[in-house]
Amino acid sequence: HERVSCHIPCILEGETGVSKTALTKMYSILMNNSTRVRAKETTMKKLTDMEAELAEMGVGFENYGNEESQVRRLELAIVEASESTISGDTPVAKKLHDMLIEGCESRECIFVDPPAEYLVRSMGDTSQVLNFLTWFGSAAVEKTFFEINVHSSLTEDEVVQRFVDIRTTAEKIKTSECIVVVFLDEVNTSSTLGMFKEIVVDHSLSGEELESNIVIISACNPPRKQAARGGLIQRELDLGKDWASGHYQVSKLPESMAKLKWEYGSLTSEQEKDFVFRKLELLRQIGGSGMSSGLA
């Protein structure tokens, strides 16, 4: 976080499987969490305002308790006001549709744009309007974490293409407080390290500066060689040679990148045990005790 705040390139060096990706994704979630919480709060307020406006039209909500979700209360009331039918145009459905469009137009830029089929102004089909209501209530926001799995066959054109969506999102949400985190995994397996040096160190792509709200975090494996001694495989640092294993081709980083990397390290045996325990506990919460005990 200190490096990001100071606009210093962030390059993590560590073995595969030590949760570099998970850490970076969690960082993205934490940095943008307040905006996501606010998105849900503002959506609930807009739904409450819609309910009040429909109530003034005579739509009844008294039969639906507060234990129902805001979206569910609106769904039930609209179906009842539409004489229990969800087919055909009804005045109540048209009114709700207009309010949903107005709600989308007044939302912050972080929200995902509504599907085109919901934006037909004359739409009053109850079934379609209820689908629109469900979508609106989900408070879907733009994706702010992008992972690019780098490998030797990844071409420059493919990288540029991947950045199209990233830059489009960054431009769309530039007036929000959110950042767009781009994680370049296994960056030193690339056959086009010069391009990644430009992205990571210069914060530009093909000579064009990247948007200021894009944060680049990259990860690399330590270059090494395998040496057989006494029947054992010994790993040792060897910054001057490449090492190939499967589809990986680990190369030496350019000096401008190598000087900026910091060792992420690996988990101790106790940390690994704790990590596995917490994963099993999460499985127990999701799938019941039988699943975690069976795996244990």
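**Close-ups of a predicted model**

**View 1. S218, tucked into strand β6.** Let's start with S218, which sits in strand β6, spanning residues 214-220. This is a predicted model, so every view here shows computed coordinates. S218 has a relative accessibility of 0% and therefore counts as buried, the cut-off being under 20%. Who keeps S218 company, once its neighbours within four places in sequence are set aside? The contacts of S218 are C10, I11, L12, F183, L184, V187 and V200.

**View 2. The β1-β6 pairing.** Zoom in on strand β1, residues 10-13, and you'll find it running parallel to β6, with four bridges joining the two. One spot to look for is C10, which stands opposite I217 in β6. C10 also turns up among the contacts of S218.

**View 3. The five-stranded sheet.** Pull back a little and β1 and β6 turn out to belong to an open sheet of five strands, paired in parallel and ordered β2-β3-β6-β1-β11. Which strands stand at the edges? Those are β2 (145-149) and β11 (261-263); each has a single partner strand, so one side of each has no neighbour in the sheet. From one strand to the next, the twist averages 25°.

**View 4. Helices packed on the sheet.** Helix α2 packs on the sheet and touches β1, β2, β3 (180-185) and β6. The direction of α2 makes about 175° with that of β3. Helix α6, residues 156-172, lies across β2, β3 and β6, and runs at about 165° to β2. So which strands does α6 lie across that α2 touches too? β2, β3 and β6 appear in both lists.

**View 5. A nonpolar patch at the surface.** Now for something on the outside: M26, I29 and L30 form a nonpolar surface patch, together offering about 290 Å² of accessible area. M26 belongs to helix α2, which covers residues 20-56. Is M26 buried, exposed or partly exposed? With a relative accessible area of 43%, M26 is partly exposed, because that value falls between the 20% and 50% cut-offs.

**View 6. The whole chain, for context.** Zoomed all the way out, the chain holds ten helices and eleven strands. Of its 296 residues, 40% count as buried. About 16,400 Å² of the chain is exposed, and carbon and sulfur atoms supply 52% of that. Take the contacts between residues at least 6 apart in sequence: 69% of them join residues at least 24 apart.

Notes
Residues are numbered from 1 along each chain as its sequence is written. This is a predicted model: local features need pLDDT of at least 70, side-chain atom pairs count only at pLDDT 80 or more; totals for chains, interfaces and linings use all residues. Side-chain values use heavy atoms; hydrogens and water are left out. Patches are made of residues with over 30% relative accessible area and no salt bridge: like charges are joined within 9 Å, nonpolar side chains (Val, Leu, Ile, Met, Phe, Trp, Tyr) within 5 Å. Accessible areas come from the Shrake-Rupley method with a 1.4 Å probe; for residues, only the protein chains shown count as cover. A salt bridge is a side-chain nitrogen of Lys or Arg within 4 Å of a carboxyl oxygen of Asp or Glu. Buried means under 20% relative accessible area, exposed over 50%, partly exposed in between (1.4 Å probe, protein chains only). Contact means heavy atoms within 4.5 Å. Two strands pair if DSSP finds at least two bridges between them. Axes are lines fitted to C-alpha atoms, for helices over the stretch in contact, and angles run from 0 to 180 degrees between N-to-C directions.
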